[in-house]
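Biologist: Please take a close look at one part of this model, the second largest pocket, and then lead me through its surroundings. I am a first-year student, and a step-by-step account would help me.

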Amino acid sequence: MAYIAPKVSSTCSSGPLNNNVLCQALSTLRGIVESCYGPFGRLKLIHNAVGGNVLTTSHSSVLLGNLSVSHPVLKLLVASMLNHLSRFTDSGLFATILCCNLTESAKQLDVPSSHIVRIQKDLLDICTDYLRSEDCGCRIQIDFNNIKTLLSLVRTAINKPTCMLTIKEADYISSLVLQAFFHTIPSIIGDTLSLGKMLITPIEGQSVSDSCILSGILIEIFASHSVRVDATKLTFGCIKIAVFSVSMSGDVVDSGDGHWEVTSGFCPEDESLVQLLKTGKQLVCDQVHLVVCQKVIHPVLKQYLQEHHVIVEDRLGLAVMEPLIQMAGARLITSYYHPVSPNCYGNIKNLLLVKCGSRQFLHLLPNGNKPICTLLLCNRSEAGLNELKVVCQSAECVLRLALKEPYALLGGGCTECHLATYIGYKVHCVTDDKLAEMCCSRAQYKIVADDFCRSLDRTASSLEHDGGENFIDAKYGHRWSVLANMPLNSHWSEVFSRCVCGSYTAHQNLDWTILGTKRTIVNLEMPPEKPSDYSPGQLILDSYTVKLNALQVAVETANLIVELQYVIQDRN
């Protein structure tokens with residue numbers, strides 16, 4: 001029984017960063033995300049209180065997309081990160097950790113919030129200008145003729161703990177994703193480049209080594225109906241296909257927009273079925289070999305077409321429609337109440353039946369070198385397979401972005417440490433005119449800049465999960481990881497081998513200090529030359545475009561939270 005209750009006044013809280021509830025919530029969110037960060041991060045099980053699937057993940061888009069947060073500020077933070085992930089697919093954990101670090105530490109600074117925001121904006125500009133400059137010491141050029149560099153970039157995106165891949169399996173999947181990406185690049189390129197599509201078909205219960213790339217598209221054949229491909233009825237290289245996007249279930253509500261005027265005794269469903277059969281007769285007369293539909297096809301029409309040796313597949317979904325019409329050269333048929341134009345039909349080269357595990361597929365092969373392929377992705381468990389599909393999609397996005405901006409940033413926390421070292425040098429050189437422009441003192445600028453650097457250092461340190469110690473060198477500004485319980489009196493050659501990103505090997509004059517402590521001011525304006533044993537295949541690389549945007553999102557979101565004066569909540 002419905003009841004009426006009086007409206008409750010909205011609550012208004014000032015100074016949200018002084019709210020202990022928010023500070024605790026930020027700390028909890030940071031702890032959850034930090035523990036997932038990097039290739040050695042821990043897994044998370046997500047399950048809501050009303051049942052449903054249990055998710056196992058360490059990927060940012062899955063984790064943040066399924067976390068339930070109640071505080072308005074946390075909702076703002078998570079929404080900002082998800083917006084970044086919707087466009088760039090990766091570096092969501094990095095952005096979240098850095099944002100939380102900056103927001104939490106801002107409360108401890110004896111600097112007005114307006115000054116903190118202005119100074120952090122300036123520090124962000126310093127970072128982005130440096131990362132975009134030719135002299136940047138943590139950015140490398142991607143050579144598309146060098147497969148090792150591209151594989152390093154893909155491997156970083158794929159190397160997530162939930163995928164449960166061995167080193168050999170990770171290398172194999174990385175090479176498959178790279179091959180599939182190259183397959184989506186057209187062989188003939190005009191003034192504009194329009195990439196094809198890599199579709200992913202997941203297969204649970206098979207070995208990762210069973211994964212492969214197939215040219216064309218796979219359409220699953222369900223056990224409820226069997227498909228028999230009669231080669232005598234098909235002409236190799238000229239198999240005609242009709243692609244429908246409209247529902248062909250025969251329901252009036254699915255027949256299109258507009259109003260129906262029905263006279264007494266008239267049955268709209270029967271009339272709809274008559275129209276469907278008319279369309280079916282035309283398809284048979286036009287010698288169409290394959291009919292596919294995004295939605296449902298009426299069983300009577302399906303039986304009629306199959307009796308006339310037409311292969312019928314429905315319920316394809318939206319994702320496969322665009323690559324299908326691109327591959328077949330067809331046009332979407334959006335209505336069955338009008339005769340189908342011959343220009344709407346497409347052609348494919350061949351139809352094959354493919355079986356993988358317990359699932360069966362119809363394999364559509366394209367004519368010519370169409371940039372459409374399917375990655376048949378296998379893994380032993382459902383959780384591992386779901387995560388592997390997400391990271392492969394992310395890796396493809398990273399490669400597409402690399403075509404636009406062919407750069408990569410050094411991974412493993414080395415870029416964050418290098419940026420913090422660079423900022424330390426730039427702060428030491430800040431001019432009085434710059435300080436006057438921002439209306440702050442030199443002491444305030446240094447306090448905020450030091451905190452900014454500590455936040456970057458803490459974000460890099462979050463990659464360590466096994467009790468090891470993090471160091472930074474005074475020459476390159478890179479992160480070095482030392483195993484836990486290493487004897488304090490060990491010789492440097494026994495402690496340090498290579499920086500985490502793989503760029504530099506250890507030598508005696510690097511003057512290491514513990515990450516997060518006061519560091520030596522180093523001039524990184526002119527980065528040193530790469531060592532002679534530098535190898536692109538040894539590097540851990542992050543996407544330049546993705547990481548740069550994540551850095552901007554993290555700082556801008558933190559500034560937005562720091563600037564908040566009131567939080568107004570409607571309790572009704």
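Modeller: A definition is needed before the account starts. Helices and strands are runs assigned by DSSP, with at least four residues for a helix and at least two for a strand, and they are numbered from the N terminus. Please keep in mind as well that this model is predicted.

The second largest pocket holds about 620 Å³ of space. Its lining consists of 25 residues, and those nearest the centre of the pocket are L199, I200, T201, A319 and V320. Two or more lining residues come from each of the elements β5 (197-204), β7 (217-221), β13 (359-365) and α11 (382-404). Of the contributors, β5 gives the most, with 6 residues. In chemical character, the lining of this pocket comprises 12 nonpolar, 9 charged and 4 polar residues.

Two of these strands lead to further features. Strand β13 runs antiparallel to β12 (residues 350-356), and 7 bridges join the two. One bridge pairs K355 with Q360 of β13. The hairpin of β12 and β13 has 2 residues between the strands, and G357 in this hairpin adopts a positive phi near 65 degrees.

Strand β5 leads back along the chain to a loop. This loop, between α7 (167-183) and β5, contains I189. Together with L193 and L403, I189 makes a nonpolar surface patch of about 260 Å².

Helix α7, on the other side of that loop, takes part in a salt bridge. The structure holds 15 salt bridges, and in one of them R155 is joined to D171, with the closest N and O atoms 2.8 Å apart. This pair links distant parts of the chain, as R155 belongs to helix α6 (residues 147-158) and D171 to helix α7, 16 residues apart.

The pocket may finally be set beside a cavity. A pocket is an open set of points, whereas a cavity is a set of points where a 1.4 Å probe fits but cannot get out. The model has 2 cavities of 30 Å³ or more, and the second largest has a volume of about 40 Å³. Its lining is formed by F94, L131, L409, T415, E416, L419, L456, K547 and L551. Helices α12 (414-428) and α16 (544-563) each supply at least two of the residues that line this cavity, and α12 gives the most, with 3. Here the lining divides into 6 nonpolar, 1 polar and 2 charged residues.

Key
Residues numbered from 1 in each chain as written. Predicted model: local features only at pLDDT ≥ 70, side-chain atom pairs only at ≥ 80, totals over all residues. Heavy atoms only, no water. 1 Å grid on protein atoms, 1.4 Å probe; cavity = no way out; pocket = protein on both sides within 12 Å on 5 of 7 lines; lining within 4 Å. Points joined across faces, edges and corners; volume = space filled by probe spheres on them. Nonpolar A, V, L, I, M, F, W, Y, C, P; charged D, E, K, R; others polar. Patch = residues over 30% accessible without salt bridge, like charges linked within 9 Å, V, L, I, M, F, W, Y side chains within 5 Å. Areas by Shrake-Rupley, 256 points an atom, 1.4 Å probe, with all protein chains shown as cover. Salt bridge = Lys/Arg side-chain N within 4 Å of Asp/Glu carboxyl O. Pairing = 2+ DSSP bridges.
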